[in-house]
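Please open the model in your viewer and keep the selection tool at hand, as this tour moves from one selection to the next.

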Amino acid sequence: MTLGKDQNSTMNYINGKPFVYADNAATTKISDEVFEAMLPYLKEKYGNASSIYSIGREAKIAVEHARATAAKAFNAQPQEIYFTSGGSEADNWAIKGCAHQLAKKGKKHVITTVFEHHAVLHTMDTLTKEGFDVTFLPVGKDGIVNPADVKAAIRSDTALVTIMYANNEIGTIQPIAEIGAICKEAGVLFHTDAVQAAGNVEIDVVAQNIDMLSMSAHKIHGPKGVGLLYCRKGVILPNYIDGGQQERGKRAGTENVAGIVGLAKALELATQNIEKKVAVITPMRDKLIDTLLKIDRTRLNGDRTRRLCGNVNVSVEGVEGESLLLMLDMNGIAASSGSACTSGSLDPSHVLLALGLKHEVAHGSLRLSLSDMTTPDEVDYICEKLPPIIERLRSMSPLWERICREGN
């Protein structure tokens, strides 16, 4: 496979054919700056950060510098940052750990929403089997959680509220500061899965009353396999992996120094000027939305404005999402039909069903997710190719024929 650039545009080409990557909510391309920051710790400075000789000390210094950099991005303290293998691990550690600790005090009630990432929902399944009572809050048709619902659900035995900062499928940004204030007033811990939000919106864990936060490097042009958990000082966090003194004795195992350095660099770059990033990406997102909504019987999923600047999620009636993705791929466009973590599943997205969509409408979903590496030329290419693809698929669809015949 040969990747190259067109001399006269900002399009990428693979083996001479146009290629547009529009699945940045699934993962992102590692940036040159991040790669260069990681490289020394894969080659010359490869020491074990727990060793006392010079290259080990260099590795340790790099880890602690990365911890301070990551903390600064969220207005946290370095000692409140724990490095993990990714967002899913951080979610599991925060939710299960705190639930088990507070269960000792008789608090066995947890509050979440129906459209969380499966790292949270499956964790809730486990807690339910262990005897915890879980309240699943609904979301509105706009994909936004109502803070009043959170307040009403809190009980005297509530241990934890966990609500994602921004949805991974439809990109809707939740009223985190309001929810955090409600939890603080009630004396209940508040965790947020910020995997999609980190680096894309301004996050201040102090001002927003966030007790715990999960994020992952590979969503912001960092490496895969590394993430972090912010845990506010004073919150009891039990050991996640026993066996060594890494991460202050709570998560044993030789540190992924290069990955940690990459995470910190990616987070530093992503949070340098979020306002500018949003200003650049939002018009491209809106052009895609406007183009798609001109097509008959398409709908935007999630609120039009209270969403991540790079997220476009639409349902196209009369089209199967899988067929749409395959035809886009044939035209050199990489996209998604729901969450990448559930690709391979034929079930409609639980997020779209939570919005009240019918199964056949949810099956025709398309997610296009942009990043600061996306160019206007690439968006123009998607806008050119997508409408005729939809028209062709509908011409072969018995479902579309029925929709047209019934007119409903």
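Select Ser 315 and then Ser 365 in S14, which is its bridge partner. Both belong to a predicted model, in which local features need pLDDT of at least 70 and side-chain atom pairs count only at pLDDT 80 or more, while totals for chains, interfaces and linings use all residues. Residues are numbered from 1 along each chain as its sequence is written, and side-chain values use heavy atoms, with hydrogens and water left out.

Widen the selection to strand S12 (residues 311-316), which pairs with S14 in the antiparallel sense over five bridges; strands are DSSP runs of E of at least two residues, helices are runs of H or I of at least four, both numbered from the N terminus, and two strands pair if DSSP finds at least two bridges between them.

Now add S11 to see the open sheet of three strands, in the order S11-S12-S14 with antiparallel pairing. Strands S11 (298-300) and S14 (365-369) stand at the edges with a single partner strand each, so one side of each is left without a neighbour in the sheet.

Next, select helix H12 (residues 376-395), which packs on the sheet and touches S11, S12 and S14, where contact means heavy atoms within 4.5 Å.

Finally, go to Lys 219, in the loop between strand S9 (212-216) and strand S10 (227-231). Is Lys 219 buried or exposed? Lys 219 counts as buried, at 16% relative accessibility, since buried means under 20% relative accessible area, exposed over 50% and partly exposed in between (1.4 Å probe, protein chains only). Leaving aside neighbours within four places in sequence, the contacts of Lys 219 include Asn 24, Thr 28 and Val 195.

Definitions and conventions. Axes fitted to C-alpha atoms, helices over the stretch in contact; angles between N-to-C directions.
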